[in-house]
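The following account leads the reader through one protein model, moving from strand pairing to helix packing, the core and the charged contacts. Please consult the sequence and the structure alongside the text.

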Amino acid sequence: MKKLTIFILLILSAAITARSQTPVYKVYVIKFAGTAYHFSTADWADGGPKTDTVKINFMYWLIKGNNGKNILLDAGFLSDIDDAKDFKIVNYIRPDSALLKTGLKAGDITDIILSHPHWDHIDGVGLFPNAHIWMQKEDFNYFVSAAWQKGASNGGFAKRDVRMLIDLNLAGKLTLIDGDDKELMPGIRVYTGSRHTFNSQYVLVQTGTNKVLLASDNVWIYYNIEHLASASTGGTLDPAGYVRAMQRMKTMVSDTKYIIPGHDAQVFSRFPVVADGVVEIR
């Protein structure tokens, strides 16, 4: 009996130790810019109303672990990029400065997961000098090569970001992820299928109490996920795949409120505010 008791205690101790070693994360949304354009829902969601308006923000996401990991999903952009001027950007804060509101500095960021290579999501990568970069292999290959061939689609891509990613790859600071449903590190998985770009990805994060799904532009605005409406024209290479991906997302979380879209300003009124322009997903 004594041996059995000791055995049970050892099992319980091992379980407690394993649980304490499993990383859990807090997730924050950080706004760094807005736009002066007055968009309708139809501009962002296929079949959406043309008569109402949707407020659009530019944002990125901080995944803060209890394991020393400070991970960004996407990195925003620098204000001098030509596309930003075309978007009538307002209330711009450089992404590394916006991060200070969370108590972290740019050098504290250990990793950046890139959802896709559009300028507003990757142009700011260089602001975070210690970060290791994670990107889908097929997205990278298209972005740095075939996208620039005659007749190819490269809307939303910036040549300077191509050069930046190639340099990061040469420096050994880029890991290419090969496909769907991949664990990057304990508690962090990525998925594909929406084809917002050639092989865009989204991130599922274990927070300890809930799983949070950071969709980035694989869900542009709340209307997309709430009505299972594909992105408007030009927002995906596969409209049916965009919808299937959202149907899949809904199976991954306990409540659809934990599916966070890429540009909808409503996120800042749906979750607790921790600083001006920063909310925590909980």
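Which residue in E3 does Leu-62 stand opposite? In this predicted model, Leu-62 stands opposite Leu-72 in E3. The pairing belongs to strand E2 (residues 57-65) and E3, which run antiparallel and are joined by 4 bridges. The two strands form a hairpin with 4 residues between them, and in its turn Gly-68 adopts a positive phi of about 85°.

Strand E3 (residues 70-73) also pairs with a second strand. Strand E5 (residues 111-113) runs parallel to E3, with 3 bridges between them, and Leu-73 stands opposite Ile-113 in E5. In a regular strand, side chains alternate between the two faces of the sheet. Both faces of E3 are covered: Asn-70 and Leu-72 are buried on one side, and Ile-71 and Leu-73 are buried on the other.

The path from E3 leads to the nonpolar interior. The largest nonpolar core has 91 residues, and those touching the most other members are Ile-112, Phe-128, Ile-188 and Ile-281. Strand E1 (residues 25-35) gives the most to this core, contributing 7 residues. Phe-128 illustrates the packing: beyond residues up to four places away in sequence, its contacts include Leu-72, Ala-75, Pro-95 and Leu-99. Ile-109 and Ile-112 are also among the residues that Phe-128 touches.

Helix H5 (residues 137-144) offers another view of buried packing. Its buried residues are Asp-139, Phe-140, Tyr-142 and Phe-143. These residues pack against helix H4 (119-122), strand E6 (132-136), helix H6 (159-170) and strand E7 (174-177). Phe-140 has a relative accessible area of 6%, which lies under the 20% limit, and therefore counts as buried. Apart from neighbours within four places in sequence, Phe-140 contacts Met-135, Leu-165, Asn-169, Leu-174 and Leu-176. The fold also brings together distant parts of the chain: Phe-140 and Ser-200 are 60 residues apart along the chain, with their C-alpha atoms separated by 9.8 Å.

A further sheet can now be considered. This open sheet has 5 strands in the order E8-E9-E10-E11-E12, with mixed pairing. Strand E8 (182-185) and strand E12 (259-261) stand at the edges with a single partner strand each, so one side of each has no neighbour in the sheet. From one strand to the next, the twist averages 25°. Within the sheet, strand E9 (residues 188-192) and strand E10 (residues 201-206) run antiparallel and are joined by 5 bridges. Arg-189 has Leu-204 in E10 as its bridge partner. Helix H8 (residues 239-252) packs on the sheet, touching E9, E10, strand E11 (211-216) and E12. The direction of H8 makes about 5° with that of E10.

How many residues does H8 have? H8 has 14 residues and reaches 21 Å from its first C-alpha to its last, close to the 20 Å expected at 1.5 Å a residue. Its buried residues are Gly-241, Tyr-242, Val-243, Ala-245, Met-246, Met-249 and Met-252. In addition to E9, E10, E11 and E12, these buried residues pack against helix H7 (222-227).

Charged contacts complete the picture. The whole structure contains 10 salt bridges. One of them links Arg-189 to Asp-181, with the closest N and O atoms 2.9 Å apart. Arg-189 is partly exposed at 29% relative accessible area, and Asp-181 is partly exposed at 34%. Another salt bridge joins the side chains of Lys-85 and Asp-82 (3.8 Å, N to O). Because these two residues lie 3 residues apart in helix H2 (residues 82-86), about one helical turn separates them. Lys-85 counts as exposed at 54% relative accessibility, as does Asp-82 at 52%.

The salt bridge between Arg-282 and Glu-280 (3.0 Å, N to O) joins residues with opposite surroundings. Arg-282 is exposed, with a relative accessible area of 54%, whereas Glu-280 is buried at 9% relative accessibility. Finally, Asp-80, Asp-123 and Arg-160 are linked in a network of salt bridges.

Note on methods:
Residues numbered from 1 in each chain as written. Predicted model: local features only at pLDDT ≥ 70, side-chain atom pairs only at ≥ 80, totals over all residues. Heavy atoms only, no water. Pairing = 2+ DSSP bridges. Axes fitted to C-alpha atoms, helices over the stretch in contact; angles between N-to-C directions. Contact = heavy atoms within 4.5 Å. Buried < 20%, exposed > 50% of the residue type's maximum accessible area, 1.4 Å probe, protein only. Core = buried A, V, L, I, M, F, W, Y, C linked by side-chain atoms within 4.5 Å. Expected span 1.5 Å × (residues − 1). Salt bridge = Lys/Arg side-chain N within 4 Å of Asp/Glu carboxyl O.
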